[in-house]
Structures are given as structure tokens and as C-alpha cells.
Amino acid sequence: MRLTRVHVDADLAAGREVVLPEGPATHLARVLRHEVGDACVLFNGDGRDYHGRICALGKREVRVEIVSVEEVARESSLRLVLLQGIARGEKMDLILQKATELGVSALHPLWSQRSEVKLDEARAEKRLAHWRSVVGSACEQSGRARVPPVSAPRSLQATLAALDPGGLRLILDPEGELSFSTLQADTDTPVLLAIGPEGGWSPLDRQQLRDAGFQGLRLGPRILRTETAGLAAIAALQARFGDLA
């Protein structure tokens with residue numbers, strides 16, 4: 001029987017009792033109907049799974065005692081960083097969820113000249129908290145014990161300025177100078193993949209990306225939607241250079 005995995009933002013150690021946050025506690029107690037003595041796995045993103053058992057279960061509180069710790073090695077050898085133009089609602093959730101399952105190491109939501117989604121400061125904070133929850137849940141499901149960071153949403157220009165130097169930098173382009181058959185990638189170097197929003201990249205966006213060292217990568221002759229393009233490219237990159245074998 002598959003063990004329930006729960007992401008918690010807490011210090012974890014063998015022998016420690018942990019009070020689960022309200023969301024995971026409700027899920028375990030009311031949805032999955034776990035009982036005292038049932039096993040589960042906690043993780044906080046440090047690369048370990050903390051195996052535990054429910055030691056107390058009430059209407060408002062679920063306590064888990066950690067009984068053992070296991071190092072987890074499920075991270076791809078290929079460091080993939082996704083720069084994703086913000087998409088509407090469930091499309092953005094899908095992109096973040098599936099990119100996490102496919103093994104990306106970091107996510108940068110951004111808006112650009114043709115973005116259809118505009119966020120003020122208050123909405124941006126709420127969306128960021130929601131996106132991080134989506135990514136944490138994707139790690140629960142996929143078995144990852146390291147949670148890829150999701151940066152605060154910002155403009156393309158600000159995102160590019162904040163990137164660490166170096167890395168193989170790619171944008172999908174049907175007429176790009178690179179193809180998967182000739183692409184060379186080094187697992188010691190991160191791969192940065194930039195995917196435009198629903199309205200696509202504008203000429204100004206493309207110039208900013210080119211000026212920042214991004215090269216065009218051909219992924220077949222068809223134009224893909226934003227919720228398809230990044231996931232297809234990530235899967236292809238992982239199959240070629242990463243751990244999808």
C-alpha cells in the first residue's frame with residue numbers, strides 16, 4: 001500500500017512529534033480517514049523522507065511521531081530552470097504541477113509585453129502562495145523530497161536581471177538555430193528554458209531574451225500552447241540529458 005506523503009514547513013527529526021498544519025491534517029483525517037497508528041511520510045524539502053505514525057488524531061489536531069529518516073535520491077542530474085510566462089488560472093497550475101513532476105529545479109513566473117494576466121501586489125502574493133502549494137503537492141505525489149523554489153512573479157526584464165550568470169539558455173522557436181538532434185548539454189551547467197505567455201513573446205521580449213544569451217531551439221514544426229510547450233520541452237530535455245530513460 002502506498003504511503004501518504006505530506007509536505008510540512010517544519011524542522012523534522014527522528015523521535016520528534018509534529019503537529020500537522022490544518023490542510024494536511026484535514027486531508028489525512030477526513031478525506032483519507034487515517035487512524036491512530038497508521039503510517040505516513042513527512043518531508044520538508046531537505047532531501048529526506050521522515051517516516052512516521054499518527055500518534056494522536058482529533059477534530060482539530062493530528063500529531064505524527066517520526067520513527068525513521070531516509071535519504072531520497074529522486075532529483076534529476078540535469079538542472080532545469082523554467083522561466084514561465086504567467087498563464088490564466090488552472091493552466092498555470094497545470095504547468096507548475098507537471099513541470100515539478102518532470103523534475104525542474106526552479107520556477108520563475110513572469111509577465112511580459114503580451115501577457116494576458118496582470119497581478120497587483122496583493123494578488124501576486126496570493127498567487128505565489130497558491131503556486132508554492134501546488135508545487136509542494138506535486139512533490140508529495142511524485143516522491144520528490146526537495147521542493148523546487150518558485151520565485152515571486154515579476155517582469156521579464158527583472159527576471160533576466162536576477163538570473164545567475166551562465167547556463168545553457170533556450171527559447172522555443174520553430175526557426176531556431178538549435179535542434180534536439182544537435183543540442184549539447186552538460187549536467188554540470190543548468191539549462192534555462194523560457195516559455196512565453198498565452199499571447200506569445202513580442203519582438204521586444206525576444207530581443208531582451210537574445211540580449212540575455214537565450215538561443216532558439218526547434219521543437220518540431222508546430223506552434224504549441226504555453227501549457228504544452230514547456231512540458232514537452234522539459235520531457236525531451238530530460239529524456240536526452242536527464243533521468244527520463
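**Exercise 1. Decide whether Arg-33 is buried or exposed, and describe its setting.**

Solution. Arg-33 has a relative accessible area of 65%, and since exposed means over 50%, Arg-33 counts as exposed. The model in which this value was computed is a predicted one. As a next step, place the residue along the chain: Arg-33 lies in the loop between α1 and β3, and it comes after helix α1. Finally, look at the backbone, where Arg-33 has a positive phi of about 55° although it is not a glycine.

**Exercise 2. Work out which residues of helix α1 are buried and where they lie around its axis.**

Solution. Begin with the list: in α1, the buried residues are Pro-24, Ala-25, Leu-28 and Ala-29. These residues cover an arc of only 115° around the axis, and therefore they sit on the same side of α1. The spacing fits a general rule: an α-helix has 3.6 residues a turn, so residues three or four places apart point the same way. Then turn to the other face, which points away from the buried side and carries the exposed residues Glu-22, Arg-30 and Val-31. To close, ask what the buried residues of α1 meet: they pack against β1, β3, β4 and β5.

**Exercise 3. Describe the sheet of five strands and the helices that pack on it.**

Solution. This sheet is open, its strands follow the order β1-β3-β4-β5-β2, and the pairing is mixed. At its edges stand β1 (5-7) and β2 (17-19), each of which pairs on one side only. Neighbouring strands are turned against each other by 40° on average, with direction ignored. For one pair in detail, take β3 (residues 39-43) and β4 (residues 48-57), which are antiparallel and joined over four bridges; Ala-39 has Arg-53 in β4 as its bridge partner. Now add the helices: α1 (residues 22-31) lies across β1, β3, β4 and β5 (62-71) and runs at about 160° to β1, while α3 (residues 121-142) touches β1 and β3, with a direction that makes about 155° with that of β1.

**Exercise 4. Explain why one side of β8 and of β10 is left without a neighbour in the sheet of seven strands.**

Solution. First set out the order, which is β8-β7-β6-β11-β9-β12-β10 in an open sheet with parallel pairing. In this arrangement β8 (154-155) and β10 stand at the edges, and because each has a single partner strand, one side of each has no neighbour in the sheet. The partner of β10 can be followed residue by residue: β10 pairs with β12 (residues 215-218) in the parallel sense over two bridges, with Leu-178 bridged to Leu-217 and Ser-179 standing opposite Arg-218. Helix α5 (residues 203-211) packs on this sheet, where it touches β9, β11 (191-195) and β12, and its direction makes about 160° with that of β9. Helix α6 also packs on the sheet, touching β6 (80-85), β9 and β11, at about 160° to the direction of β11. Strand β12 is joined to β9 as well, through three bridges in the parallel sense, and in that pairing Ile-171 stands opposite Gly-216.

**Exercise 5. Find where Asp-173 is placed, and state whether it is buried or exposed.**

Solution. Asp-173 is in the loop between β9 (168-172) and β10 (178-179). Its relative accessibility is 16%, so Asp-173 counts as buried, the cut-off for that being under 20%. When its neighbours within four places in sequence are left aside, the contacts of Asp-173 are Arg-206, Arg-210, Gly-216, Leu-217 and Arg-218.

**Exercise 6. Characterise the packing of helix α2 with helix α6, from the axes down to the residues.**

Solution. Helix α2 (residues 89-101) and helix α6 (residues 226-241) pack at an angle of about 5°, and their axes are 9 Å apart. Angles under 35 degrees count as roughly parallel, which means that α2 is roughly parallel to α6. On the α2 side the contact involves Lys-91, Leu-94, Ile-95, Lys-98 and Ala-99, and these meet Thr-226, Glu-227, Leu-231 and Ile-234 in α6. Sorted by character, the residues of this contact comprise five nonpolar, one polar and three charged.

Notes: Residues numbered from 1 in each chain as written. Predicted model: local features only at pLDDT ≥ 70, side-chain atom pairs only at ≥ 80, totals over all residues. Heavy atoms only, no water. Axes fitted to C-alpha atoms, helices over the stretch in contact; angles between N-to-C directions. Parallel < 35°, antiparallel > 145°, perpendicular 65-115°, else oblique. Contact = heavy atoms within 4.5 Å. Nonpolar A, V, L, I, M, F, W, Y, C, P; charged D, E, K, R; others polar. Buried < 20%, exposed > 50% of the residue type's maximum accessible area, 1.4 Å probe, protein only. Pairing = 2+ DSSP bridges. Arc of directions from axis to C-beta.
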